[in-house]
Amino acid sequence: MLQEFTTHIDANFPFLKDKKLLIAISGGLDSVVLTHLFSALNYTISLAHCNFKLRETASDLDEEFVSKLSQKTSNQIFKTIFETEKYAKEKKTSTQIAARELRYTWFQKIIKKNNFDFVLTAHHADDNLETFLINLTRGSGLDGFTGIPEINGNIIRPLLPFSRAEIMKYAKENKIEWREDASNATTKYIRNKMRHQIIPVLKEINPSLLTSFQKTVDNLQESQQIIEDRIKDVSSALIEKDSSDDLQITKINIDKLQQLSNPRAYLYQFLKDYNFTAWNDVYHLLNAQSGKQVFSNTHRLLKNRKFLLLSGKIEIKNQQAKEYFIQKNDLKITNPITITFEDVQQKSTENTHTIYVDKDLLKHPLIVRNWQTGDYLYPIGMQGKKKLSKYFKDEKFSLLEKEHTWLLCNADNQIIWVLHHRQDSRLSIKNNSKNILKITSK
């Protein structure tokens, strides 16, 4: 296997040579063999071991074994202990997912702090098949059937082409010791059920199952590439990005989307990376009233007239409760938005980011805040006053835009400027104004 592994690394991972590598090692067969293989090839490696405290004394014995292995191979080792079950309860997730989140977060911290280039994990061909079958039983999009990626950012999986049987044979031939996880023999977890009850039957039906499976994965990956190319072409016509201040919005044109052959399928492809799970609710937004919205753990999708607006998820209530004060001698603020103040002799060209006011009419401290029910202004260029809610409606502000709009106000809360949109006329420059203040916001 060493020769096949060497050929595989040279052909597919030549960039690993002379890099600083961190091997994720549990003490089990796969990660121990991976460590021996890279040691045999004289790569610069260090080890990272997580003690998840899930198997009583066995977890401590695993840690002790890995420590001795690092001494034997003269490799640096990083170790940590996690309260995995406590974390799983706090996050309301499974123990397996909790362990995964903990270890990969920790790996990235080690990389950043110690300038490693890559983390190597010992996933192999049987792991790939098990993951495929698990996704099959749960229901999955195409992404769930294209296999564990060999390269995912700075995570590298060099053993994916090799079977568990090949790894076991190499370990026995080279008298390599490893720690056996007793929990792997049980069928408590779905992965173990696949490993011990389902896959042996499939291999009995097809002794070349892993080879056939890899061909299937290769075909699916090629199909996925075609889909990605198509999505990229379609996106340019349907999707546009809009950003201002701290608001980043992705706008999906509903009319154009519904002209496609399968709008639901396209919408899934557009949004699959944003952690949505209530997909029926997402699809229903296409025909919902404006203002309807769906949330994921990280993002928000809002129906606004002829668009779906995607943005990051924020705590709006907390944001609206804040006020920021500007004292008389302040020439610039940067929180919550950048605003500068400059005395000028005369008014020059105005734009959405600059206004001119009569300085003598200002009442300090000035206030920067979000809009509130009952706010009104006298829009410059218009007659009379207007409720801000009506102004937003007339200007076709989306809910997201309203939530992210800042007001500059006098000390008595009289609106001076709806930042980047409309100035109030009451403090604007008149013929008898003596002191002119230029206010600019980015």
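Leu-22 has Val-119 in β4 as its bridge partner. I should say at once that the model is predicted. The pairing behind this contact joins strand β1, residues 21-24, to strand β4, residues 118-120, in the parallel sense over 3 bridges.

Let me widen the view to the sheet. The sheet is open, has 6 strands with mixed pairing, and follows the order β3-β2-β1-β4-β6-β5. Because β3 and β5 stand at the edges with a single partner strand each, one side of each is left without a neighbour in the sheet.

Two helices lie across these strands. Helix α5, residues 95-114, lies across β1, β2, β3, β4 and β6, and runs at about 145° to β2. Helix α3 lies across β2 and β3, at about 170° to β2.

I turn now to α3 in detail. This helix covers residues 57-73, 17 residues in all, and spans 25 Å from its first C-alpha to its last, close to the 24 Å expected at 1.5 Å a residue. Which residues of α3 are buried? They are Ala-58, Ser-59, Asp-62, Glu-63, Phe-65, Val-66, Ser-67, Leu-69 and Ser-70. In an α-helix there are 3.6 residues a turn, so residues three or four places apart point the same way. The cover over the buried residues of α3 includes α2 (29-40), β2 (45-51) and β3 (76-81). After α3 comes Ser-74, with a positive phi near 60°.

Finally, the cysteines. How many disulfides does a search of the whole structure find? The search finds 0. Cys-50 counts as buried because its relative accessibility is 9%, and Cys-409 counts as buried at 0%.

Terms used: Residues are numbered from 1 along each chain as its sequence is written. This is a predicted model: local features need pLDDT of at least 70, side-chain atom pairs count only at pLDDT 80 or more; totals for chains, interfaces and linings use all residues. Side-chain values use heavy atoms; hydrogens and water are left out. Helices (H or I, at least four residues) and strands (E, at least two) are DSSP runs, numbered from the N terminus. The expected span of a helix is 1.5 Å times one less than its number of residues. Buried means under 20% relative accessible area, exposed over 50%, partly exposed in between (1.4 Å probe, protein chains only). Contact means heavy atoms within 4.5 Å. A disulfide is a pair of cysteine sulfur atoms within 2.5 Å. Two strands pair if DSSP finds at least two bridges between them. Axes are lines fitted to C-alpha atoms, for helices over the stretch in contact, and angles run from 0 to 180 degrees between N-to-C directions.
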